[in-house]
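User: Pick one part of this model and look at it closely. Then carry on to whatever else the geometry supports. Keep it short and concrete.

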Amino acid sequence: MNQPSSPAAPLPAARRGKRVFRSPHADGAPLGGLSVDEFLRDHWQRKPLLVRAALPDLQPPCDAAALIALAGQDDVQSRLVTAFRGRWQLDHGPFEAGGVPPLSRRRWTLLVQGVNLHLDAAEALLSRFRFIPDARLDDLMISLASDQGGVGPHVDSYDVFLVQLWGRRRWRIAPPGNDQLRTGLPLKILARFNPTDDWVLEPGDMLYLPPGWAHDGTALGPCMTGSIGFRAPSRHEFLREFLTDAAESIQGRDPRFADPGRARVRHPAAIPEDLHDTLNDWAQSWRPSRAAVDDFIGRFLTEPPATVFFDPPSAAVSKRFLARVRRDGLRLDRRTRLLYRRARLFINGEAVPPIRDRAALALLRTLADLRSLDGNEATRALAHPVLAQHLTEWADAGWLHAGGVSQ
């Protein structure tokens, strides 16, 4: 997205106090009697935490029928795990009507990823955990299980909050140290599982587990469980994507190996030393710039999942749309990822050119932190040529919407 060549006019002064992102703890973070600081100090990536009645008034984001309907969509990642007659089976969605067994049949689990990308209530539940940075917060997976349904004892490589949405589920956990898997199964089920704790979670209860803790959840009657997962890129994953991106973005002169005056060879299968040395030099001497690395990190952390497709409006942004934004404000689409670092912002895998105007930068940071701008803030943003261009382009792409309700 190119910025206008003309200098941006200064933003009009704010008419009222700046809105500030409040810690979710002030609004009731689901950590029982612990403060966010205590949780992060004593439990985060250290030890499990069971919180009874963490969300006492919790309403499930959807019912069983709505979740099964989501599992039938092409843009939703879903899996069905069954253990009928003692045989584990894994099937991937989308599932056609009738493809999911009835809840009256025992020993099956439907897992639906990224429910927060499709339902406002799921996004609201996920937002309760924004005391962890958005760059780490991944998605809300919901599992629907019939009696005795589960996926077997397993280990996750990331943190997880397990929230019981309705029904009851028994959880058994074991500390890290045994990752050997059973062979010949379609699932990663531990060969040995020696639980040290055993709890039954009721609706509203929550269990936090750090990475590496083995756990086994079994439905006690039909139930629904929410799993708040976190992004934890591996070094291999990051470097694979970064090096691919770097290779595609090399600009300017691209030297090619040449060997004029080469002498006749006696051993044609031997790798020539000059060819080896040249390739070795290219590999050893290449260094990415700090700016290139910073740029890629922001794009990497905001890249939407492969199943996310935005729905642009049927017509380009109109004067009527802008008038509504000035009146009602605007809100990021629930699928949009907007992060910032210093004067740089990154949205849905794209880098925003540096914002030099401090007031303009503050407005975009407010949009990222609160995921919305009120009418006054939106009016000020639209008065700034650079921000107006960004916001209208993002609206045309379906990345944000007018009004106070997520689209």
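Analyst: Two strands pair if DSSP finds at least two bridges between them. The model is predicted, so every statement here is about a computed structure.

Start with strand β5, residues 137–145. Leucine 140 stands opposite isoleucine 228 in β11. That match belongs to an antiparallel pairing of β5 with β11 (residues 223–230), which runs over 8 bridges. Strand β5 also pairs with β4 (residues 108–112), again in the antiparallel sense, over 4 bridges. Here threonine 109 has alanine 145 of β5 as its bridge partner.

How many residues of β5 are buried? The count is 8 of 9, so the rest of the structure largely encloses the strand. In a regular strand, side chains alternate between the two faces of the sheet.

Now a second sheet. Three strands form an open sheet in the order β16-β12-β17, with antiparallel pairing. The edges are β16 (372–373) and β17 (400–402); each has a single partner strand, so one side of each is left without a neighbour in the sheet. Strand β12 (residues 330–332) pairs with β17 over 3 bridges. Arginine 331 has histidine 401 as its bridge partner in β17. Helix α7 lies across β12 and β17, at about 80° to β17.

This region leads to the enclosed space. A search of the whole structure finds 1 cavity of 30 Å³ or more. The volume of the largest cavity is about 30 Å³. Its lining consists of Phe321, Leu322, Val325, Leu330, Leu382, Leu391, Thr392 and Leu400. Helices α7 (319–328) and α10 (385–396) each supply at least two of these residues. Helix α7 gives the largest share, 3 residues. By class, the lining has 7 nonpolar residues, 1 polar residue and no charged ones.

Valine 325 ties the helix, the sheet and the cavity together. Valine 325 sits in helix α7 and is one of the residues lining the cavity. Is this residue buried or exposed? Its relative accessible area is 1%; the cut-off for buried is under 20%, so valine 325 counts as buried. Leaving aside residues up to four places away in sequence, valine 325 touches Leu330, Gly375, Ala378, Leu382 and Ala402. Among these, Leu330 and Leu382 also line the cavity. Leu330 falls within the range of β12, and Ala402 within that of β17.

Sequence distance is a separate matter. Valine 293 is 32 residues from valine 325 along the chain, and their C-alpha atoms are separated by 35 Å.

Valine 293 falls within the range of helix α6, which brings in the second largest pocket. This pocket holds about 580 Å³ of space. The elements giving two or more residues to its lining are α6 (290–302), β13 (338–341), β14 (344–347) and α8 (358–370). The lining has 25 residues; Leu339, Tyr340, Arg341, Arg342 and Phe346 lie nearest the centre. Helix α6 gives the largest share of the lining, 7 residues.

What is the class make-up of this pocket lining? There are 14 nonpolar, 1 polar and 10 charged residues. The cavity lining, by contrast, has no charged residues.

Methods
Residues are numbered from 1 along each chain as its sequence is written. This is a predicted model: local features need pLDDT of at least 70, side-chain atom pairs count only at pLDDT 80 or more; totals for chains, interfaces and linings use all residues. Side-chain values use heavy atoms; hydrogens and water are left out. Buried means under 20% relative accessible area, exposed over 50%, partly exposed in between (1.4 Å probe, protein chains only). On a 1 Å grid over the protein atoms alone, a cavity is a set of points where a 1.4 Å probe fits but cannot get out, and a pocket is an open set with protein on both sides within 12 Å along at least five of seven lines; lining residues have an atom within 4 Å of a point. Grid points are joined across faces, edges and corners, and a volume is the space filled by probe spheres set on the points. Ala, Val, Leu, Ile, Met, Phe, Trp, Tyr, Cys and Pro count as nonpolar, Asp, Glu, Lys and Arg as charged, and the others, Gly among them, as polar. Contact means heavy atoms within 4.5 Å. Axes are lines fitted to C-alpha atoms, for helices over the stretch in contact, and angles run from 0 to 180 degrees between N-to-C directions.
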